[in-house]
Amino acid sequence: MYGNIDRIEASATESTESTEDTEDTGDTEEAAARQAEFDRLIAQDQRIEPRDWMPEGYRKTLIRQIAQHAHSEIIGMQPEGNWITRAPSLRRKAILIAKVQDEAGHGLYLYSAAETLGVDREDLLDQLHTGRQKYSSIFNYPTLSWADMGAIGWLVDGAAIMNQVPLCRCSYGPYGRAMVRVCKEESFHQRQGFEILHTLSHGSPAQHEMAQDAVNRFWWPSLMMFGPPDESSAHTVQSAAWGIKRFSNDELRQRFVDMCVDQARILGLRLPDPDLTWNEQRQHYDFGPIDWSELNRVIRGDGPCNADRMARRVGAHTDGAWVREAASAYAAKHADRSVVAA
């Protein structure tokens, strides 16, 4: 079953057969019937599937969000891949390799989900390489020590999980289903990062200092991962109305802060926010102001690693052209043999 198209087409057919108005009127009624069916599915919290009719705005919003998510997974391989050859043990190296491979797989799932909306993967990659589409700002920060692998796992992947678990209930079926597996694997990544930091923070004074420094550098960028404050978010209201987004940026950010405070105590590390205090009335932690000018600067391309990340991505894509060409040639040859055999 590829969606709800049969019900939509039946409704549209009945409408067309019962009207004696002009062709333009019939088209208008058919469009209204399709919109009504879409609205009904959203209102009943059901899934929209690739063959279902959907408003163009809904489709474009999904393409933008899924593409940015896919780009982030692929670019996100770079900061951690940088430490594969410098991991402190064979065990750590094997785990980190597995994690980077997971991120590549996540990107593939998400590009495939985007393609169900009628876009071409090569076009999405071209938009990334030319700066017309973005990826998460968090990956434009450098990884200066092994402890950064722990901070990325605990904070960055932790923020990603907080963002992505609600997406498992996204109204668009392929995106929601892809997120189920992604979130399971991200949960492993977060535990791996927590374990790295726990080991370091309970090691030598130098190791503890290294872990604290990593948390100091990644804490605020991790809070920025949830996007701008609700009053400045251009997409939150409409995405929520369409069932793409389940919680606002500020709601998810608050949940993340509340979760991290207790975990930081277990780690024996301090979150770098002097304003972080428990608010008895709100039953949440209050936290200090976020420097949104930094987020805007990084998004514009002026982060510490923007140029390097994109240069490596474009270079890898160019260097891998022969692999894609060989795979395409093999697939075409196999298809020709299948036709002859038939």
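In this predicted model, the element that gives the most to the lining of the largest pocket is helix H3, with nine residues. The space in that pocket comes to about 1300 Å³, and 50 residues line it, those closest to its centre being Arg-64, Gln-65, Gln-68, Met-225 and Gly-227. Two or more lining residues come from each of helix H3 (56-75), helix H7 (147-164), helix H8 (173-201), helix H10 (236-241), helix H11 (249-267) and helix H12 (292-302). Sorted by class, the lining of the largest pocket holds 20 nonpolar residues, 20 polar residues and ten charged ones.

The second largest pocket has about 280 Å³ of space. Its lining is made up of 13 residues, of which Leu-108, Leu-125, Arg-313, His-317 and Arg-324 are the closest to the centre. The elements that supply two or more residues to this second lining are helix H5 (90-115), helix H6 (121-129), helix H13 (306-319) and helix H14 (321-341). Here the lining divides into eight nonpolar, two polar and three charged residues.

From the pockets we can turn to the nonpolar interior. The largest nonpolar core has 48 residues, and those with the most contacts inside it are Trp-146, Trp-154, Leu-155, Phe-218, Trp-219, Phe-256 and Leu-271. Helices H5, H7, H8, H9, H11 and H12 each give two or more residues to this core, with H7 giving the most, namely ten residues. Helix H7 is also where Ala-160 is placed, and this alanine counts as buried because its relative accessibility is 10%, which falls under the 20% limit for that class. The C-alpha atom of Ala-160 is separated by 20 Å from that of Leu-128, a residue 32 positions away along the chain.

Aromatic rings offer another route through the model, since a search of the whole structure finds seven aromatic pairs. In one of them, Trp-219 and Phe-256 are stacked, with 6.0 Å from centre to centre and 20° between the planes. This pair links distant parts of the chain, for Trp-219 belongs to helix H9 (residues 205-224) and Phe-256 to helix H11, 37 residues apart. Both Trp-219 and Phe-256 are buried, and both are listed among the residues with the most contacts inside the largest nonpolar core.

Trp-278 and Tyr-285 pair in an edge-to-face arrangement, with 5.0 Å between the centres and 70° between the planes. How do the partners stand in terms of burial, Trp-278 and Tyr-285? Trp-278 counts as partly exposed because its relative accessibility is 39%, a value between the 20% and 50% limits, whereas Tyr-285 is buried because its relative accessible area is 12%. Elsewhere, Phe-38, Trp-53, Tyr-58 and Trp-242 form one aromatic cluster.

Rings also face charged groups in this model. The charged end of Arg-86 sits over the ring of Trp-83, at 3.9 Å from the ring's centre, while Arg-255 lies over the face of Phe-247, 4.0 Å from the centre of that ring.

Methods:
Residues numbered from 1 in each chain as written. Predicted model: local features only at pLDDT ≥ 70, side-chain atom pairs only at ≥ 80, totals over all residues. Heavy atoms only, no water. 1 Å grid on protein atoms, 1.4 Å probe; cavity = no way out; pocket = protein on both sides within 12 Å on 5 of 7 lines; lining within 4 Å. Points joined across faces, edges and corners; volume = space filled by probe spheres on them. Helix = DSSP H or I, 4+ residues; strand = E, 2+ residues; numbered from the N terminus. Nonpolar A, V, L, I, M, F, W, Y, C, P; charged D, E, K, R; others polar. Phe/Tyr/Trp six-rings, centres within 6.5 Å; stacked < 30°, edge-to-face > 60°. Buried < 20%, exposed > 50% of the residue type's maximum accessible area, 1.4 Å probe, protein only. Lys NZ or Arg CZ within 6 Å of the ring centre and 35° of its normal. Core = buried A, V, L, I, M, F, W, Y, C linked by side-chain atoms within 4.5 Å.
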